[in-house]
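Got your viewer open? Load the model, switch to the cartoon view, and let's take a walk through it.

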Amino acid sequence: MSKAEVLAVAKLHPFYRQALEAHYTVHDRSHELDPAGFEKLAPRLVGVAATGESLVPASLLQRLPAARVVSVFGVGYDGVDVAAAKTCGIPVTHTPGVLTEDVADLAIALVLSVARRLAQADGFVRAGRWLEGPIALGRKVSGARMGIVGMGRIGQAIAQRAQAFGMSIAYTARSAKPALPHPFFPDPASLAAASDFLVVITPGGAGTRHLIDAKVLAALGPHGFLINVARGSVVDEGALIEALREGGIAGAGLDVFADEPRVPQALLDMPQVVLTPHMASATTETRQAMADLAFANMQAGIEGRPLLTPVPEWTAQVAG
Ligand code: 8YV
């Protein structure tokens, strides 16, 4: 029997790709690389494999009459047109839970790196500059005020870690979470004004685009640091560069950018910024767990079994 066929809309992580290839014929970005051939292929595709950054627009979904699932390797799925998927009757799944700890760990790593100048300090020692004198002083992290933008699973894991550093926690989210002991602020600007470290971990997409703008950065102020482990789209990158350039904020730790993998030269040139290549979930253990879950969702969708982790919008539709 010939294998069922799936479309990979982006370059997949090898763990996910290998799991898929053991069961299915995987067509690698055929919709982009071979548009003519895709015409014939599209009606046979039963699944779509995507990453957290992938685009799965309505125009693609509408061409996939046999598709039974879009399985995203990532917790974020802002590139998938979920409304169109619902209209087409194609469920969307993602990988929540398995990457929570890694993302929270990296958020704390960025807080420490930017405040204690770890990247700069490493370069300082390697360049032999220690022989000439001590490095400039950093900013104390323990006991500082952390503001978290987005208090879901990962936001709460970040809070838990920050508390071990004796930091005070406050947050903003779509709505207050009365079960949490931390103060709620109604918007990012008021939260920023009360924070030393503003950590962004809200979902991406149209609803949060440029949520962190010039006004929020001004509220964070010249002694405040911005950490972004969410999506580049959540921060107005132009406003951020301006604030960093003018000393409007003290520094930034950034794992995500507006136009990945391209990072603006202005940011590359700034010593008060720590830059990482969208790697918050990039450990061997977590990428394996993500691949296992993404594959299990793909297989369940194709075989018509209950999905393990559909996106909340899909669950709401089925429940409603
Ligand atoms: C990416 C992420 O999915 O989970 C998310 O939302 O952004 C990441 O884990 C990962 O980089 C694979 O593309």
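Here's a stop-by-stop tour, with something to select each time.

**Stop 1: the whole chain**

Before you click on anything, keep in mind that this model is predicted. With the whole protein chain in view, you're looking at 14 helices and 11 strands. Its radius of gyration is 21 Å, close to the 20 Å that the globule rule gives for 320 residues, so the chain is as compact as a globular protein of that length. Along its principal axes, the C-alpha trace spans about 70 × 50 × 30 Å.

**Stop 2: a five-stranded sheet**

Now colour strands E1 to E5. They form an open sheet with parallel pairing, in the order E2-E1-E3-E4-E5. Which strands stand at the edges? Select 25–28 for E2 and 92–93 for E5: each has a single partner strand, so one side of each is left without a neighbour in the sheet.

Next, pick residues 45–51 (E3) and 69–73 (E4), which pair in the parallel sense over five bridges. For one of the matched pairs, click Thr-51: its bridge partner in E4 is Phe-73.

Two helices to add here. Select residues 14–21 to bring up helix H1, which packs on the sheet and touches E2, E3 and E4. The direction of H1 makes about 135 degrees with that of E2. Then select 284–303 for helix H13, which also packs on this sheet, touching E1 (5–8), E3, E4 and E5. Compare H13 with E4: their directions make about 180 degrees.

**Stop 3: a six-stranded sheet**

Move on to strands E6 to E11. What order do these six strands take? It's E7-E6-E8-E9-E10-E11, in an open sheet with parallel pairing. At the edges you'll find E7 (168–172) and E11 (273–275), each pairing on one side only. Ignoring direction, neighbouring strands in this sheet are turned by 15 degrees against each other on average.

Zoom in on E6 (145–149) and E8 (197–200), a parallel pair held over four bridges. Click Ile-148, and look for its bridge partner, Val-199, in E8.

**Stop 4: two helices on that sheet**

Select residues 100–115. This is helix H6, lying across E6, E8, E9 (225–228), E10 (251–254) and E11. H6 runs at about 150 degrees to E9. Now add residues 153–164, helix H8, which lies across E6, E7 and E8 and runs at about 175 degrees to E6.

How do H6 and H8 meet? They pack at an angle of about 50 degrees, with their axes 8 Å apart. The two helices are therefore oblique to each other, and their crossing is right-handed. Show side chains to see who makes the contact: from H6, the residues include Val-103, Ala-104, Ala-107 and Ile-108, and from H8 they include Ile-154, Ala-157, Ile-158 and Arg-161. The contact residues divide into eight nonpolar, one polar and four charged.

**Stop 5: two oddities in the loops**

Finish with a couple of backbone details. First up is Pro-261, in the loop between E10 and helix H12 (265–268). Look at the peptide bond leading into it from Glu-260: that bond is cis, with omega near 0 degrees.

Then jump to Arg-29, in the loop between E2 and helix H2 (30–33). Arg-29 isn't a glycine, yet it has a positive phi of about 50 degrees.

How values were computed. Residues numbered from 1 in each chain as written. Predicted model: local features only at pLDDT ≥ 70, side-chain atom pairs only at ≥ 80, totals over all residues. Heavy atoms only, no water. Pairing = 2+ DSSP bridges. Axes fitted to C-alpha atoms, helices over the stretch in contact; angles between N-to-C directions. Contact = heavy atoms within 4.5 Å. Parallel < 35°, antiparallel > 145°, perpendicular 65-115°, else oblique. Left-handed = near helix turned anticlockwise from the far one by under 90°. Nonpolar A, V, L, I, M, F, W, Y, C, P; charged D, E, K, R; others polar. Rg over C-alpha atoms; globule rule 2.2 N^0.38 Å.
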